[in-house]
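Trainee: I am new to this structure and should be grateful for a close look at a single part of it, namely the arrangement of its strands. Please also explain what the neighbouring segments contribute to that picture.

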Amino acid sequence: MTRKHLNVSEPTTIQSLGHRRPATSVIAECLRVQATVPTNTAVQRFFGVSPLGREAEPWFIGALGEHEVARRLAALGPGWFVLHSVPVGTGSSDLDHVVIGPAGVFTINTKHHRGQNVWVGGRRILVNGQRTDHLRNAKYEAKRTSKLLSVAARMLVDVTPIIAVVGARRMTVRERPFDVAVVREHELVRWLQRNPVTLTPEQVQHIATVAAQPAAWQRTPETELVDHAAFDRLRRDIGRARRRRGLWVGVMIAAIPVGVVALFAAAVSVLAR
């Protein structure tokens, strides 16, 4: 939960979901897969080869998307409460973000489609022309959340599903789905704040307090140790490799005119003989 907004009475145990950092589940999987990738050699590092394994890349990109949405949600202001990477049930499922505020309760499914074209219709979402399950999954998450929180809070908790599209090159909205909100990351906070008030401050606080407890999500409390510092180091190493590759590209581009001139001079010399 964003500490800036926390003023509910939370469980004091370390298992409180209010202390869970964004993308925790995704980062754990990214690091697990990345651990099987051989470390780059000195030569690879010199030429800027990315240390990120191919199988770890989708998890890494997903984590970046959740971090970006979490950063945006931090601007919601007082009276709003945010949970990140909420584990649900006994499996590996989790909710990217759960937002509780005056406008109600929302589940946010982050989709990081960096540099891709997203097309939104009333019944489907296409990414670069390919059908996705985004709408179906978002509706399922909201329905599951409503059922769990209604039981835990002992009151009817309606939940609105949101799909937050991060990093898309272009998003075309042909028709907005009537039961799922689809917004770009920079539109998210304003969209939430513009919704009409449906919960009293007391209801918001009660639901937020209940939602911070793992038991509300039928999750057995456990201590999950995720090395966020290792992910931060991986992120820095990837950025460093990207910059080094850019430097090499710049060197090669700068060398092209010199090579062309040398080749032309050699050709002239041969023809002059």
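Mentor: Let us begin with the terms: two strands pair if DSSP finds at least two bridges between them. Strands themselves are DSSP runs of E with at least two residues, helices are runs of H or I with at least four, and both are numbered from the N terminus. The model is predicted, so local features need pLDDT of at least 70 and side-chain atom pairs count only at pLDDT 80 or more, while totals for chains, interfaces and linings use all residues. Residues are numbered from 1 along each chain as its sequence is written, and side-chain values use heavy atoms, with hydrogens and water left out.

Please start at the hairpin that β1 and β2 form, with 6 residues between the two strands. In the turn, glycine 89 has a positive phi of about 70°. The two strands run antiparallel to each other and are joined over 6 bridges. One position to find is valine 86, which stands opposite leucine 95 in β2. The surroundings of β1 can be described by burial (buried is under 20% relative accessible area, exposed is over 50%, and partly exposed lies in between, with a 1.4 Å probe and protein chains only). By this scale β1 is mostly covered, with 7 of its 7 residues buried.

Now widen the view from the hairpin to the sheet that contains it. This open sheet has 5 strands in the order β1-β2-β3-β7-β9, and its pairing is mixed. Its edges are β1 (81–87) and β9 (181–184), each of which pairs on one side only. On average, neighbouring strands here are turned by 30° against each other, direction ignored; the axes behind such angles are lines fitted to C-alpha atoms, for helices over the stretch in contact, and angles run from 0 to 180 degrees between N-to-C directions.

A second open sheet, of 4 strands, follows the order β6-β5-β4-β8, again with mixed pairing. Its edge strands are β6 and β8 (170–173), and each has a single partner strand, so one side of each is left without a neighbour in the sheet. Within this sheet, β5 and β6 pair in the antiparallel sense over 2 bridges. There, valine 127 has glutamine 130 in β6 as its bridge partner. The loop between β5 (125–127) and β6 (130–131) holds asparagine 128. Although asparagine 128 is not a glycine, its phi is positive, at about 50°. Asparagine 128 is partly exposed, because its relative accessible area is 44%.

Another positive phi, near 60°, belongs to arginine 154, also a residue other than glycine. Arginine 154 sits in the loop between α4 and β7 (159–166), and so leads back to β7, one of the strands of the 5-stranded sheet. At 79% relative accessibility, arginine 154 counts as exposed.

The remaining part of the picture concerns aromatic side chains. Rings of Phe, Tyr and Trp (its six-membered ring) pair if their centres lie within 6.5 Å; planes under 30 degrees apart count as stacked, over 60 as edge-to-face and the rest as tilted. The whole structure has 3 aromatic pairs. One of them joins phenylalanine 60 to phenylalanine 231 in a tilted arrangement, with 5.4 Å from centre to centre and 40° between the planes. This pair links distant parts of the chain, 171 residues apart: phenylalanine 60 belongs to helix α3, and phenylalanine 231 to helix α7 (residues 228–272). Phenylalanine 60 is buried at a relative accessible area of 5%, and phenylalanine 231 is buried at 0%.

Another pair brings us back to the strands: phenylalanine 106 and tryptophan 191 meet edge-to-face, 5.9 Å from centre to centre and with 80° between the planes. Here too distant parts of the chain are linked, since phenylalanine 106 is in strand β3 and tryptophan 191 in helix α5 (residues 188–194), 85 residues apart. The partners can be described by accessibility as well: phenylalanine 106 counts as buried because its relative accessibility is 1%, whereas tryptophan 191, at 27%, counts as partly exposed. In this way helix α5 is tied to β3, a member of the sheet that holds the hairpin strands β1 and β2.
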